[in-house]
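Trainee: I would like to go through the ligand site and the cavities, and ask how each label is justified.
Mentor: Go ahead; here is the model.

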Amino acid sequence: MTHVGGPSLPQERRLVTEVPGPRSRELLARKQSAVAAGVGVMLPVFVTAAGGGVLVDVDGNSLIDFGSGIAVTNVGNSAEHVVAGVRAQVEAYTHTCFMIAPYEPYVRVCEELNRLTPGDHEKRSALFNSGSEAVENAVKIARAYTRRPAVVVFDHAYHGRTNLTMALTAKNMPYKHRFGPFAPEVYRVPMSYPFREPVEITGEQAAARAISVIDRQVGAENLAAVLIEPIQGEGGFVVPAPGFLPAIAAWCRERGVVFIADEIQTGFARTGAWFACEHEGVVPDLIATAKGIAGGLPLSAVTGRAEIMDAVHAGGLGGTYGGNPIACAAALGAIRTIEEQDLVGRARRIGEVMLARLGDMAACYPVIGDVRGRGAMTAVEIVRPGTKDPDPEATQAVARACHAAGLLVLTCGTYGNVLRFLPPLVIPDHLLAEGLDILDKAFAAVS
Ligand SMILES: *Cc1c(COP(=O)(O)O)cnc(C)c1O
């Protein structure tokens with residue numbers, strides 16, 4: 001059994017027991033008597049090492065990773081520069097609280113975010129711990145700047161699990177069920193979801209539909225911010241029709257409404273650009289980032305126009321651990337890795353390979369209703385053949401067949417019928433191809 005992970009881990013799929021194996025099952029029993037039942041587990045293989053494109057479990061199985069811990073380990077687990085940065089930092093100091101006695105790595109991460117995010121205007125950043133916390137702070141900042149209360153979000157949106165972000169998230173089960181009451185002044189409007197439009201409409205038309213709801217039900221003069229994922233994550237990897245995001249952003253600009261991009265899942269090279277907004281030349285006023293930012297350490301950020309960010313009174317933003325120095329060191333290592341290894345280009349290449357193979361599968365297996373995504377963020381939507389009726393059971397069956405064969409895939413979607421693929425951007429070509437072969441066989445078995 002190996003405990004040393006990172007890029008030097010053998011890049012192979014290797015099954016030596018059933019999945020999950022006996023040691024994982026033992027640990028699952030301990031989990032059940034020690035860990036709160038509300039904390040679910042999708043695939044109960046307990047990991048001992050990970051790196052490149054594989055996860056190694058306690059039974060000695062090596063699984064192909066198409067999940068990246070939900071789009072977090074874009075640079076791979078235990079990436080060299082991340083480990084080196086963390087190691088040096090943890091030996092120097094672990095915590096002072098940036099609000100009490102500051103340190104340079106926090107400032108450097110903010111400088112990097114200001115440099116890398118879309119737009120060449122003057123920017124500021126602030127650091128937090130989780131994605132939810134970044135989204136909450138983006139809303140706080142937008143409200144302080146505009147002095148307006150309302151926030152607009154979209155159907156199928158996912159923005160987190162804290163109280164405000166539950167209100168911003170669309171899906172009841174499992175995120176909101178029995179957890180109310182929720183924060184007020186949140187308004188939901190229709191998304192552009194090309195596969196599920198009753199009649200084909202353009203991105204501009206879908207934007208006009210959303211804006212009409214905002215005008216009638218909220219009013220721009222009451223609206224602090226429009227918050228949107230440029231490609232929806234948990235909601236089903238929904239890629240809006242071209243023109244939708246630019247039209248919403250333009251409307252916000254005309255009305256003095258803050259346009260906030262939640263790039264927590266799409267950011268840090270995942271979609272074949274540093275940030276997904278770039279694909280349509282959209283420059284958000286504020287951008288929330290987390291997940292891929294720090295190679296697996298907890299860190300999140302809000303970056304945006306200096307005049308908006310600086311509208312908050314001194315002391316109004318912060319938190320005990322926000323921008324923890326170890327997480328900042330990891331982020332600097334992750335950013336360096338993305339640049340040195342051109343992981344933006346690599347994500348684009350992964351997307352080409354995946355979308356071509358998924359398209360071939362869609363031609364063979366009528367349960368695949370739609371293939372979509374950008375870069376290394378791709379998905380298939382599963383339906384009853386000949387209809388657009390969601391088939392969450394078939395989706396689960398395909399996912400389980402993949403898991404049993406040693407390929408970790410995730411599901412998502414409002415209707416629970418989307419299989420999503422988020423390989424680490426450092427996955428070698430042969431594992432990418434092998435993972436897609438396993439997926440193909442899983443569809444063949446279920447069809
Ligand atoms: C994961 C995610 C969040 C929440 O991030 P946490 O770190 O889990 O709080 C918010 N928005 C999007 C788009 C996400 O994918």
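Trainee: What makes the pair formed by a polar side-chain atom of Lys-291 and an oxygen atom of the ligand a polar contact?
Mentor: In this predicted model, the two atoms lie 2.6 Å apart. The cut-off for N or O atoms is 3.5 Å, so the pair counts as a polar contact. A polar side-chain atom of Ser-132 also lies 2.6 Å from a ligand oxygen, and a backbone N or O atom of Gly-131 lies 2.7 Å from one. The protein covers 83% of the 380 Å² of accessible area that the ligand has on its own.

Trainee: Where does the ligand sit?
Mentor: The ligand sits in the largest pocket. The label requires more than half of its atoms to lie within 2 Å of the pocket's grid points.

Trainee: How do the residues of the shell around the ligand divide by class?
Mentor: Two are nonpolar, six polar and three charged. The residues around the ligand include Tyr-158, Ile-264, Glu-229, Asp-262 and Lys-291. Tyr and Ile count as nonpolar, and Asp, Glu and Lys as charged.

Trainee: How many cavities of 30 Å³ or more does the structure hold?
Mentor: Two. The largest has a volume of about 60 Å³, and the second largest about 40 Å³.

Trainee: Which classes make up the lining of the largest cavity?
Mentor: Seven nonpolar residues, one polar and two charged. Among them are Pro-230, Ile-231, Glu-280 and Arg-374. The second largest cavity is lined by four nonpolar, two polar and two charged residues, including Tyr-158 and Lys-171.

Methods: Residues are numbered from 1 along each chain as its sequence is written. This is a predicted model: local features need pLDDT of at least 70, side-chain atom pairs count only at pLDDT 80 or more; totals for chains, interfaces and linings use all residues. Side-chain values use heavy atoms; hydrogens and water are left out. A residue is near a molecule or strand if one of its heavy atoms lies within 4 Å of it. A polar contact is a pair of N or O atoms within 3.5 Å; within protein, one must be able to donate a hydrogen and the other to accept it, and residues adjacent in sequence count only if both atoms are side-chain atoms. Accessible areas come from the Shrake-Rupley method with a 1.4 Å probe; for residues, only the protein chains shown count as cover. On a 1 Å grid over the protein atoms alone, a cavity is a set of points where a 1.4 Å probe fits but cannot get out, and a pocket is an open set with protein on both sides within 12 Å along at least five of seven lines; lining residues have an atom within 4 Å of a point. Grid points are joined across faces, edges and corners, and a volume is the space filled by probe spheres set on the points.
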